Every structure is written in structure tokens, then in C-alpha cells.
Amino acid sequence: MKNKHIIIAIDGYSSTGKSTLAKQLAKHLGYIYVDTGAMYRAATLFALKNGFISENHFNVNDFVLELHNIIISFKFNSDLGFAEVYLNGENVEKEIRTMHVSGFVSKIAAVPEVRYRLVKQQQQIGKDKGVVMDGRDIGTVVFPNAELKLFMTASDEVRATRRYEELLAKKDNVTYEEVLHNVRERDYIDTHRENSPLIKATDAIAIDNSNLSLEEQFEKVLQLVTKAI
């Protein structure tokens with residue numbers, strides 16, 4: 001008997017390794033992986049490039065009027081083993097991962113019209129199930145009926161260290177203090193926004209991976225997936 005396909009919703013704070021875990025699961029299960037955080041990052045990059053947001057201003061109304069011009073897609077890169085993000089036909093996978101974009105993404109994601117538009121796209125992608133999706137509101141808003149919901153956490157310091165090392169590897173010129181501040185600022189905005197705040201779904205399973213290796217985490221979650229399927 002063939003295993004049924006389910007929806008796996010992975011929510012949690014920034015830099016908790018949601019995307020890494022989701023990619024592992026999708027590859028192991030042969031599921032579609034959708035990085036919703038990348039979708040918000042792509043929308044943020046659009047806003048930055050077109051002057052809608054900066055350190056000193058955020059022209060929300062004009063940005064919302066341009067949302068129909070934001071086309072986000074994922075294309076699988078066989079060399080890398082995962083799907084890269086495209087914004088209006090341009091590969092922006094590297095651009096959207098910078099600290100500059102990170103500094104604005106929570107503000108963009110807090111705009112109700114942005115969330116509404118992207119949630120609709122996410123729900124369409126997952127309509128046939130067999131999907132692993134990670135983000136901030138997957139188990140609460142996008143797929144409240146997902147068969148398995150996970151909520152990832154880790155200490156501020158551990159998350160900042162992970163992000164800092166990741167950025168250093170990309171030759172980004174940042175300090176640990178800047179990254180820690182960014183992590184805490186994003187946490188505050190994500191959990192306090194009026195529309196779809198980051199909260200743990202009542203039926204989600206919390207996983208604190210502060211002291212877990214990637215292998216230990218994967219094995220733990222795989223047991224939960226097997227049970228859900």
C-alpha cells in the first residue's frame with residue numbers, strides 16, 4: 001500500500017534551520033519543498049530595488065499598488081540539489097540572503113496585502129499535498145489543517161552564531177553584534193505584527209535545536225513524519 005501524501009508545516013524563529021530541515025525532508029520523501037521565507041525576501045528585494053523602502057522611509061501604499069508586478073518562482077538546480085528563487089525571471093537566490101535584505105524583510109512581511117498575496121500562492125502550491133513548507137505562519141494560517149506541524153526554536157545566541165558564520169562564509173562584512181541585533185529585532189517584529197504573527201499552533205510539536213546536530217534533528221523529525229503518514 002502506497003503511503004499517503006501529507007503536508008508538513010514548519011514554523012519558527014529566524015535562523016533555526018527551518019529551511020535546512022525542510023530540504024532534508026523533501027529530498028528524503030520525494031516531496032515539493034517551498035521556502036516561504038524566500039518569497040518574502042524576494043518581495044523585500046523588489047521593494048528595495050524600486051525605492052519603496054529604505055532606512056528612512058517605507059512607502060507602503062505605492063508598494064502595495066506594485067504587488068501585481070512581483071512574480072516569484074522556484075526553479076530546481078540539479079547541481080545544488082534544491083530550487084533557487086527567481087524574481088521576475090531573474091535568479092536572486094544569493095541577493096535575497098544578504099544582511100541588507102534581512103534588515104527589511106520583517107517589515108515587508110508585516111504588510112497584510114503582501115501576506116494575503118503570498119499565502120494564496122502557497123496554498124495553491126500545496127493543494128495536492130506532498131509538500132514541506134517552512135515559514136512563520138504555515139501551521140496557523142497557510143495550512144491550519146496540515147497533518148504535521150513543527151515549531152522550531154533555539155536560543156538567540158545560538159541562532160546569531162549560526163547566521164554570523166553563514167554570512168562570514170559568504171564573505172559578508174558583518175559583526176556578531178549586528179547579527180544578534182538583527183535576530184532579536186526580527187523576532188520582535190515577527191511576534192508582534194497584527195497580521196499573522198509568529199505563534200506556535202496549538203497542535204504543533206516544539207523542537208528546540210540549540211543543542212541538536214543536524215543528524216539528530218533529522219532522525220527525531222523523521223520519526224514524527226513516519227507516525228503522521
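pLDDT is the predictor's confidence in each residue, on a scale from 0 to 100.

**View 1. How confident the predictor is, across the protein.** What you're looking at is a predicted model. Its mean pLDDT comes out at 92, and 99% of the residues reach 70 or more. Confidence bottoms out in strand β3 (residues 72-77), where the mean is 84. At the other end of the range sits strand β7 (residues 148-153), which has the highest confidence, at 98.

**View 2. The three-stranded open sheet.** Here are strands β3, β4 and β5, lined up in that order in an open sheet with antiparallel pairing. The edges belong to β3 and β5 (90-91), each of which pairs on one side only. As a reminder, strands of a sheet pair through backbone hydrogen bonds, either parallel or antiparallel. Take a look at β4 (residues 82-87) and β5: the two run antiparallel and are joined by two bridges. If you want a residue pair to find on screen, try Leu87, whose bridge partner in β5 is Glu90. Remember that β3, the other edge strand, is also where confidence is lowest.

**View 3. Helices α2 and α4 crossing.** Helix α2 covers residues 36-49 and helix α4 covers residues 99-109; their axes come within 8 Å and cross at roughly 105 degrees. Crossing angles of 65 to 115 degrees count as roughly perpendicular, so that's the label for α2 and α4. On the α2 side, the contact is made by Tyr40, Arg41, Ala43, Thr44, Leu45, Ala47 and Leu48. The α4 side brings His100, Val101, Ser102, Phe104, Val105, Ile108 and Ala109.

**View 4. Asp190 and its partner Arg136.** Asp190 is part of helix α8 (residues 176-192). Is this residue buried or exposed? Its relative accessibility is just 2%, so Asp190 counts as buried. The Asp190 side chain makes a polar contact with the side chain of Arg136, at 2.9 Å. Not counting residues up to four places away in sequence, Asp190 touches Arg136 along with Ser106, Pro197 and Leu198.

**View 5. Ile138 and its surroundings.** Ile138 belongs to helix α6 (residues 138-142). With a relative accessibility of 0%, Ile138 counts as buried. Which residues is Ile138 in contact with, leaving aside its neighbours within four places in sequence? They are Ala9, Ile10, Asp11, Thr36, Gln122, Met133, Phe143 and Pro144. Ile8 is worth picking out too: Ile138 and Ile8 are 130 residues apart in sequence, yet their C-alpha atoms are 9.0 Å apart in space.

Terms used:
Residues numbered from 1 in each chain as written. Predicted model: local features only at pLDDT ≥ 70, side-chain atom pairs only at ≥ 80, totals over all residues. Heavy atoms only, no water. Helix = DSSP H or I, 4+ residues; strand = E, 2+ residues; numbered from the N terminus. Buried < 20%, exposed > 50% of the residue type's maximum accessible area, 1.4 Å probe, protein only. Polar contact = N/O pair within 3.5 Å; in protein donor to acceptor, adjacent residues only side chain to side chain. Contact = heavy atoms within 4.5 Å. Pairing = 2+ DSSP bridges. Axes fitted to C-alpha atoms, helices over the stretch in contact; angles between N-to-C directions. Parallel < 35°, antiparallel > 145°, perpendicular 65-115°, else oblique.
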